[in-house]
Amino acid sequence: MDTILLPNDILLGQITDMLANGVSVVLRVRGNSMLPFIVGDKDSVELYKCGSVSENDMVLAHLKNDNYVLHRVIGIEGNHVTLMGDGNIRGTEHCTLDDICGTVLYILKYNGKKIDCHSSGFLKKSARWRKLLPFRRYILGIYRRLAIR
């Protein structure tokens, strides 16, 4: 299969349009802001347009600075959404519910495994990981040295 590389603003703009029209999309993820659950340049995600967004959902959001991020929802207050990457140790992004382009339904691992992001097992793992925020720096440092090669 051939690979086509497009600038993010073009690719993600098209993906946003497809999601808005009810088409689910598989996207290869770049970057490591979602470690340890998603490995950049190896794993893919299946996105769909969800009618509602909940805390702990992983979403593709179009930020006000015209950037897109695939991060986890860590808070919702009214129409205001706070996002943070699982692989980040600090820093958050903010958007509105209308800026959410799609929700991750499945993580497609590079080894062929398909992970349901709404299964109880995955939700428990991600909740435990979120509680480890003060220690992420050390855990991610070890993970990066051992797992990503």
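This report describes helices, cores, empty space and unusual backbone geometry in a predicted model.

## Helices α1 and α3

Helix α1 covers residues 8-20, 13 residues in all, and reaches 18 Å from its first C-alpha to its last, close to the 18 Å expected at 1.5 Å a residue. Its buried residues are L12, G13, I15, T16 and L19. Seen down the axis of α1, these buried residues fall within an arc of 165°, so they line one face of the helix. An α-helix has 3.6 residues a turn, so residues three or four places apart point the same way. The buried residues of α1 pack against five strands by name: β1 (25-28), β2 (44-48), β3 (58-62), β4 (68-77) and β7 (100-108). After α1 comes G22, with a positive phi near 85°.

Helix α3 covers residues 136-147 and has 12 residues; the reach from its first C-alpha to its last is 15 Å, close to the 16 Å expected at 1.5 Å a residue. In α3, R136, L140 and G141 are buried. Down the axis of α3, its buried residues fall within an arc of 130°, so they line one face of the helix. The face of α3 turned away from that buried side carries the exposed residues Y138, I142, R145 and L146. The packing partners of the buried residues of α3 are β5 (80-84) and α2.

## Nonpolar cores

The largest nonpolar core has 25 residues, and those with the most contacts inside it are I38, V45, L47 and I107. Two or more residues are given to this core by each of α1, β1, β2, β3, β4, β7 and α2 (120-131). In soluble globular proteins, nonpolar side chains tend to be buried together.

Leaving aside neighbours within four places in sequence, the contacts of I107 include F37, I38, V45, M58 and F122. I107 is also in contact with S44, K113, K114, I115 and C117. Apart from the largest core lies another, of 10 residues, among them V73, V81, C95 and I100.

## Buried polar residues

D99 is in the loop between β6 (93-96) and β7. With a relative accessibility of 13%, D99 counts as buried, because the cut-off for buried is under 20%. Not counting residues up to four places away in sequence, D99 touches L60, A61, H62 and K64.

S126 is found in helix α2. At 1% relative accessibility, S126 counts as buried. Leaving aside neighbours within four places in sequence, S126 is in contact with F37 and R72.

## Cavity and pocket

Rolling a probe the size of a water molecule over the atoms shows where empty space is left. A search of the whole structure finds one cavity of 30 Å³ or more. The largest cavity has a volume of about 30 Å³. Its lining consists of N56, D57, M58, R72, V104, C117, H118, F122 and L123.

The second largest pocket holds about 170 Å³ of space. The residues that line this pocket are P36, F37, K109, K113, I115, S119, G121, F122 and K125. Helix α2 supplies three residues, the largest share of the lining of the second largest pocket. F122 lines the largest cavity and also the second largest pocket.

## Backbone geometry

Most residues other than glycine have a negative phi, and most peptide bonds are trans. The table lists two residues other than glycine with a positive phi.

| Residue | Phi | Loop | Relative accessibility |
|---|---|---|---|
| D41 | near 65° | between β1 and β2 | 48%, partly exposed |
| N56 | about 85° | between β2 and β3 | 24%, partly exposed |

N56, with its positive phi of about 85°, is one of the residues that line the largest cavity.

The peptide bond from L35 to P36 is cis, with omega near 5°. P36 is placed in the loop between β1 and β2, and D41 is also placed in the loop between β1 and β2. P36 is one of the residues lining the second largest pocket.

Definitions and conventions: Residues numbered from 1 in each chain as written. Predicted model: local features only at pLDDT ≥ 70, side-chain atom pairs only at ≥ 80, totals over all residues. Heavy atoms only, no water. Helix = DSSP H or I, 4+ residues; strand = E, 2+ residues; numbered from the N terminus. Expected span 1.5 Å × (residues − 1). Buried < 20%, exposed > 50% of the residue type's maximum accessible area, 1.4 Å probe, protein only. Arc of directions from axis to C-beta. Contact = heavy atoms within 4.5 Å. Core = buried A, V, L, I, M, F, W, Y, C linked by side-chain atoms within 4.5 Å. 1 Å grid on protein atoms, 1.4 Å probe; cavity = no way out; pocket = protein on both sides within 12 Å on 5 of 7 lines; lining within 4 Å. Points joined across faces, edges and corners; volume = space filled by probe spheres on them.
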